[in-house]
Amino acid sequence: MAKKVTAVVKLQLPAGKATPGPPVGSSLGPHGINIPGFVKDFNEKTASRAGLIIPVVLTIYQDRSFTFILKTPPVAVLIAKEIGLKHPSGKEKRLGGSGKPNREKVGKITIEQIKAIAQQKMPDLNTKDIEKAMSMVEGTAKSMGVVVGD
């Protein structure tokens, strides 16, 4: 007989640097699962992607066991990494883009870079067409204040 699912929790955590504190502890604590075990497994599986934010979908079962699926990083994070966008303080934390994307531009991205991001993000997108995926990535770049072109 299949295990009964009691909750599905979605989190976005820094690759290889998750801790049992918030947001992990406050999101998973009420479900009674082994938080240090999850953190250890997550950090081991994402250590090679350090510097990125990794979305994770955690399925929690009635017997307090769990499974989790790692997704590809958000497009905005991939764009920021691709063009070298950093927080003004110089810390590793990424800047989301321009506060006024129509007036203030924060960088430039090429069509080849957009295609590479679209191919990386393809498993999590709701399309199988690379052109449509590139269009989605391009829209995100424009909304961040990133100039798209060669």
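Helices in this description are DSSP runs of at least four residues, numbered from the N terminus. The structure is a predicted model, and the account below begins with its helices before turning to its loops and its charged side chains.

Helix α5 spans residues 130–143. Within helix α5, E138 and K142 are four residues apart, which means that about one helical turn separates them. Their side chains form a salt bridge, in which the closest N and O atoms are 3.3 Å apart. E138 is partly exposed, at 26% relative accessibility, and K142 is also partly exposed, with a relative accessible area of 47%. The spacing has a simple geometric background: an α-helix has 3.6 residues a turn, so residues three or four places apart point the same way. Side chains of opposite charge can then pair when their charged atoms come close.

Helix α2, residues 35–46, offers a second case of this spacing, with K40 and E44 four residues apart and separated by about one helical turn. K40 and E44 meet in a salt bridge at 3.4 Å, N to O. K40 is exposed, with a relative accessible area of 52%, and E44 is likewise exposed, at 52% relative accessibility.

Helix α2 also contributes aromatic side chains. F38 and F42 both lie in helix α2, four residues apart, or about one turn of the helix. F38 is buried at 0% relative accessibility, and F42 is buried at 0% as well. F38 forms an edge-to-face aromatic pair with F68, with 5.2 Å from centre to centre and 85 degrees between the planes. This pair links distant parts of the chain, since F38 belongs to helix α2 and F68 to strand β3, 30 residues apart. Both F38 and F68 are buried.

How many aromatic pairs does the structure hold? The structure holds three aromatic pairs. In one of them, the ring centres of F38 and F42 are 5.9 Å apart and the planes lie at 35 degrees, so the pair is tilted. F38, F42, F66 and F68 together form one aromatic cluster. A charged residue also approaches this cluster's F68: K45 lies over the face of the F68 ring, at 4.8 Å from the ring centre.

Helix α4 covers residues 111–121, and its buried residues are Q113, I114, I117, A118 and K121. Why do these residues share a side of α4? They cover an arc of only 135 degrees around the axis, which puts them on the same side of the helix. The elements that cover the buried residues of α4 include α3 (75–83), β4 (107–109), α5 (130–143) and β5 (146–148).

Among the buried residues of α4, Q113 merits a separate description. Q113 has 19% relative accessibility, and it counts as buried because the cut-off for that class is under 20%. The side chain of Q113 reaches the backbone nitrogen of T110 at 2.8 Å. Leaving aside neighbours within four places in sequence, Q113 is in contact with E82 and K108.

The search of the whole structure finds three salt bridges. Besides the two within helices described above, D63 forms a salt bridge with K3, the closest N and O atoms being 3.9 Å apart. D63 lies in the loop between β2 and β3 and K3 in the segment before β1, so the pair ties together parts that are 60 residues apart in sequence. K3 is partly exposed, with a relative accessible area of 49%. K3 also lies over the face of Y61, at 5.4 Å from the ring centre.

Two loops contain backbone features of note. Most residues other than glycine have a negative phi, and most peptide bonds are trans. R64 has a phi near 70 degrees, a positive value in a residue other than glycine. R64 is placed in the loop between β2 (53–61) and β3 (66–70), and R64 is exposed, with a relative accessible area of 54%. The second feature concerns a peptide bond: P22 and P23 are joined by a cis peptide bond, with omega about 5 degrees. P23 is found in the loop between β1 (5–14) and α1 (24–28).

Definitions and conventions. Residues are numbered from 1 along each chain as its sequence is written. This is a predicted model: local features need pLDDT of at least 70, side-chain atom pairs count only at pLDDT 80 or more; totals for chains, interfaces and linings use all residues. Side-chain values use heavy atoms; hydrogens and water are left out. Buried means under 20% relative accessible area, exposed over 50%, partly exposed in between (1.4 Å probe, protein chains only). The arc is that of the directions from the helix axis to the C-beta atoms. Contact means heavy atoms within 4.5 Å. A polar contact is a pair of N or O atoms within 3.5 Å; within protein, one must be able to donate a hydrogen and the other to accept it, and residues adjacent in sequence count only if both atoms are side-chain atoms. A salt bridge is a side-chain nitrogen of Lys or Arg within 4 Å of a carboxyl oxygen of Asp or Glu. Rings of Phe, Tyr and Trp (its six-membered ring) pair if their centres lie within 6.5 Å; planes under 30 degrees apart count as stacked, over 60 as edge-to-face and the rest as tilted. A charge sits over a ring if NZ of Lys or CZ of Arg is within 6 Å of the ring centre and within 35 degrees of the ring normal.
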